[in-house]
Amino acid sequence: MLTAIKRRQVLKPIALRQRRKQLKMKNTSFLLLLLLSFLLISISTTHHSFCSAAKSSPEPVHDIFGNRLRVDQPYSILPFDNRTGRGFVMEVTNNKTCPFDVVQAQDYYEIPLQLYPANSKKGDIVRMSTDLNVFFWNTFTSCLLNYSNFWKLDKYDNSTGKYFVTTGGVKGNPGPKTISNWFKIEKSRNGFKFVYCPSVCKYCKVLCKDVGIFVQNGLRRAALDDVPFEFNFKKFTGY
């Protein structure tokens with residue numbers, strides 16, 4: 001009887017130590033599981049935030065010096081092939097008076113461009129693959145009373161089978177009523193290119209094509225084409 005009592009007295013501390021060890025292991029396992037869950041949540045949140053930021057912020061457009069293009073700043077267009085001319089100007093085509101059409105300049109004179117992304121504010125960065133309005137900067141013409149200097153896509157021209165770029169567009173107000181006023185800047189093999197592929201109207205069926213050059217009556221007119229007009233940007237500092 002005494003031996004049994006002594007045995008229980010010896011086994012009791014051992015059992016207590018084993019129970020404490022088991023509780024310690026359970027607590028450690030719980031803490032590890034809690035830490036792992038926290039890490040997984042952090043990784044998931046970081047990944048989601050990174051993807052959301054990447055999705056909401058396309059790559060900025062840079063000029064030839066590596067500076068980001070800004071809204072309201074005029075820029076010169078430097079064609080990749082400068083043997084064909086310079087940037088763009090407004091010209092009368094096909095004997096019509098207004099609006100002026102967008103034509104590549106053949107001499108030293110060109111009109112700088114300003115770029116206005118949809119819903120942008122002054123000082124905002126111009127980004128690629130985003131809808132934007134293109135504007136001939138600081139230019140006064142006889143058509144200004146009824147037509148603006150903003151680019152827009154003209155109606156289909158049956159005689160040439162082309163969609164030409166003209167002026168008379170509207171700034172801002174993205175939606176189906178302004179679908180012809182929106183262009184995008186995309187990278188090309190030798191710089192950048194303008195693209196007509198507006199996404200300001202989700203349910204509208206639109207034509208997506210590069211802006212190239214179509215020669216008509218000696219004028220190099222901007223038009224939708226399979227071959228893009230490639231160029232780079234340079235901040236305009238004066239003529």
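**Loops, strands and a nonpolar core**

Proline 99 is found in the loop that runs between β2 (88-91) and β3 (101-104). Helices (H or I, at least four residues) and strands (E, at least two) are DSSP runs here, numbered from the N terminus. The peptide bond leading from cysteine 98 into proline 99 is cis, with omega near -5 degrees. The model is a predicted one, in which local features need a pLDDT of at least 70 and side-chain atom pairs count only at pLDDT 80 or more, while totals for chains, interfaces and linings use all residues. Residues are numbered from 1 along each chain as its sequence is written, and side-chain values rest on heavy atoms, with hydrogens and water left out.

How confident is the prediction? The protein averages a pLDDT of 84, and 76% of the residues score at least 70; pLDDT is the predictor's confidence in each residue, from 0 to 100. Among the elements, strand β9 (residues 191-196) has the highest mean, 98, and α1 the lowest, 54. Over residues 47-54 the pLDDT drops below 50, and this stretch has zero contacts in the model beyond near neighbours in sequence (contact means heavy atoms within 4.5 Å). Where pLDDT is low, the predicted coordinates should not be read in detail.

Two other loop residues catch the eye through their backbone angles. Aspartate 72, in the loop between α1 (2-56) and β1 (75-79), has a positive phi of about 80 degrees although it is not a glycine. Aspartate 72 counts as partly exposed because its relative accessibility is 27%; buried means under 20% relative accessible area, exposed over 50% and partly exposed in between, using a 1.4 Å probe and protein chains only. Asparagine 138, also not a glycine, has a positive phi of about 50 degrees, and its place is the loop between β5 and β6 (151-157).

Then there are the strands. β1 is mostly covered, with four of its five residues buried. β1 runs antiparallel to strand β12 (residues 231-235), and the two pair over five bridges; a pair of strands needs at least two DSSP bridges between them. One of the residues in this pairing is isoleucine 77, whose bridge partner in β12 is phenylalanine 233. Strand β10 (residues 209-216) and β11 are also antiparallel, this time over seven bridges, with aspartate 210 standing opposite aspartate 225 in β11. The hairpin of β10 and β11 has two residues between the strands, and asparagine 217 takes a positive phi near 50 degrees there.

β11 is largely enclosed by the rest of the structure, because six of its seven residues are buried. Leucine 219 belongs to this strand, which spans residues 219-225, and counts as partly exposed because its relative accessibility is 23%. Beyond its neighbours within four places in sequence, leucine 219 touches Val92, Thr93, Val103 and Phe214. Threonine 93 is 126 residues away from leucine 219 along the chain, yet their C-alpha atoms are separated by 8.2 Å.

What sits in the largest nonpolar core? It holds 42 residues, and those with the most contacts inside it are Phe88, Leu115, Trp151, Ile185, Phe194 and Phe233. Such a core is a set of buried Ala, Val, Leu, Ile, Met, Phe, Trp, Tyr and Cys residues joined through side-chain atoms within 4.5 Å. Strand β5 (residues 132-136) gives the most to this core, with four residues. Phenylalanine 194 has contacts that, outside four places in sequence, include Leu113, Leu115, Val134, Trp151, Ile185 and Phe233.

Aromatic rings turn up in plenty of pairings: the count is 17. Rings of Phe, Tyr and Trp (its six-membered ring) pair if their centres lie within 6.5 Å; planes under 30 degrees apart count as stacked, over 60 as edge-to-face and the rest as tilted. Phenylalanine 135 and phenylalanine 150 have ring centres 4.5 Å apart and planes at 40 degrees, so this pair is tilted. The pair links distant parts of the chain, 15 residues apart: phenylalanine 135 in strand β5 and phenylalanine 150 in the loop between β5 and β6. Both are buried, phenylalanine 135 with a relative accessible area of 17% and phenylalanine 150 with 10%. One aromatic cluster has among its members Tyr75, Phe88, Trp151, Phe194 and Phe233.

Finally, charged groups lie over two rings. The charged end of lysine 171 sits over the ring of tyrosine 116, 4.1 Å from its centre, and arginine 221 lies over the face of phenylalanine 164, at 3.6 Å from the ring centre. For this, NZ of Lys or CZ of Arg must be within 6 Å of the ring centre and within 35 degrees of the ring normal.
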